[in-house]
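This briefing covers the overall build of one protein chain and the surroundings of a few selected residues. Please keep the sequence and the model open while reading.

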Amino acid sequence: EEESVDSREYLITLAEELLESTVERFAGAEVDDEDRDYEALRSAVTEIYGIDDTELAGIELEGLGVEAITDAVWPVVLRKYETKEALIPIEILRRVERDIMLQIVDAQWKDHLYSLDHLKEGIGLRGYGQRDPLVEYKKESFALFQDMKARIEEEIVRYIFHLRPVLNEEAPN
């Protein structure tokens with residue numbers, strides 16, 4: 001029996017992981033206190049999730065750790081998605097989500113194959129630098145794959161959270 005993946009659960013997990021990595025990038029433990037950019041964090045979150053600036057304005061992020069910031073912002077992000085779920089019939093929303101995911105994976109996979117072609121063309125020059133071209137190709141192609149995977153996940157979240165339903169209104173008689 002084929003097991004189907006719950007696209008909602010997958011999307012929510014992606015969105016939460018993306019939020020954690022975004023918070024880590026701007027205000028993580030590895031970032032010095034004077035280099036933490038809370039305004040850029042707010043901007044990134046509003047851009048990725050399509051959230052209105054005013055919804056994040058009331059949340060005090062300064063001085064909080066990664067987990068505390070994520071816990072403070074996550075309910076706003078989740079509310080945005082749940083509002084969308086309330087507007088669109090669930091079966092239509094799930095189908096649209098799957099279609100968007102498939103289109104993004106398809107486009108990113110094509111770009112990845114194109115990048116691998118470019119990598120293959122230039123990898124022979126590594127032999128002149130006393131490096132094994134096969135080992136270098138494997139390392140760089142894996143890095144390209146990891147980058148592609150991260151781009152796919154971010155684009156899926158970005159597209160679906162920016163998705164705005166157009167409600168048909170009854171035409172006047």
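Of the contacts in the protein chain with a separation of 6 or more, 67% are between residues 24 or more positions apart. The model is a predicted one. Its secondary structure amounts to 6 helices and 0 strands, so the order of elements from the N terminus reads α-α-α-α-α-α, each helix being a run numbered from that end.

**Overall dimensions and surface**

- The radius of gyration of the protein chain is 21 Å, whereas a compact globule of 173 residues would have one near 16 Å.
- Along the principal axes, a box of roughly 75 × 50 × 40 Å holds the C-alpha atoms of the protein chain.
- The protein chain has 173 residues, and 31% of them are buried.
- About 11,700 Å² of the protein chain is accessible surface, and carbon and sulfur atoms contribute 51% of that area.
- There are 20 positive and 42 negative charges in the protein chain, and the mean positions of the two sets lie 5 Å apart.

**Helix H1: Ser7 and Thr22**

- Helix H1 spans residues 7–27 and includes Thr22; Ser7 is also part of helix H1.
- Thr22 has a relative accessible area of 1% and therefore counts as buried, the cut-off being under 20%.
- The side chain of Thr22 comes to 2.7 Å from the backbone oxygen of Leu18, a distance that falls within the 3.5 Å limit for a polar contact.
- Not counting residues up to four places away in sequence, the contacts of Thr22 are Leu41, Ala44 and Ile48.
- Ser7 is buried as well, because its relative accessible area is 6%.
- With neighbours within four places in sequence left aside, Ser7 touches Arg94, Glu97, Arg98 and Met101.
- One of these partners, Glu97, also makes a polar contact with Ser7, side chain to side chain, at 3.2 Å.
- Another of them, Arg98, is 91 residues from Ser7 in sequence, yet the two C-alpha atoms are 7.1 Å apart in space.

**Helix H5: Gln108**

- Gln108 sits in helix H5, which covers residues 90–122.
- Gln108 has a relative accessibility of 6%, so this residue is classed as buried.
- The side chains of Gln108 and Arg151 are joined by a polar contact of 2.7 Å.
- Apart from neighbours within four places in sequence, Gln108 is in contact with Met148, Arg151, Ile152 and Glu155.
- Among those partners, Ile152 lies 44 residues from Gln108 along the chain, with 6.7 Å between their C-alpha atoms.

**Helix H4: Thr70**

- Thr70 belongs to helix H4, residues 66–87.
- Thr70 is buried, because its relative accessible area is 5%.
- Residues up to four places away in sequence aside, Thr70 touches Leu19, Glu20 and Val23.
- From Thr70 to Asp37 the separation is 33 residues in sequence and 15 Å in space, taken C-alpha to C-alpha.

**Helix H3: Asp53**

- Helix H3 is made up of residues 53–57, and Asp53 is in it.
- Asp53 has a relative accessibility of 54% and so counts as exposed, the cut-off being over 50%.
- Asp53 and Arg42 are 11 residues apart in sequence, with a C-alpha to C-alpha distance of 7.8 Å.

**Points to check in the model**

- Which residue shares a side-chain polar contact of 2.7 Å with Gln108? That residue is Arg151.
- Is Asp53 buried or exposed? Asp53 is exposed.
- Which residues does Thr70 touch, not counting those up to four places away in sequence? They are Leu19, Glu20 and Val23.

Methods:
Residues numbered from 1 in each chain as written. Predicted model: local features only at pLDDT ≥ 70, side-chain atom pairs only at ≥ 80, totals over all residues. Heavy atoms only, no water. Helix = DSSP H or I, 4+ residues; strand = E, 2+ residues; numbered from the N terminus. Rg over C-alpha atoms; globule rule 2.2 N^0.38 Å. Buried < 20%, exposed > 50% of the residue type's maximum accessible area, 1.4 Å probe, protein only. Contact = heavy atoms within 4.5 Å. Areas by Shrake-Rupley, 256 points an atom, 1.4 Å probe, with all protein chains shown as cover. Lys, Arg positive; Asp, Glu negative; His and termini not counted. Charge placed at Lys NZ, Arg CZ, Asp CG, Glu CD. Polar contact = N/O pair within 3.5 Å; in protein donor to acceptor, adjacent residues only side chain to side chain.
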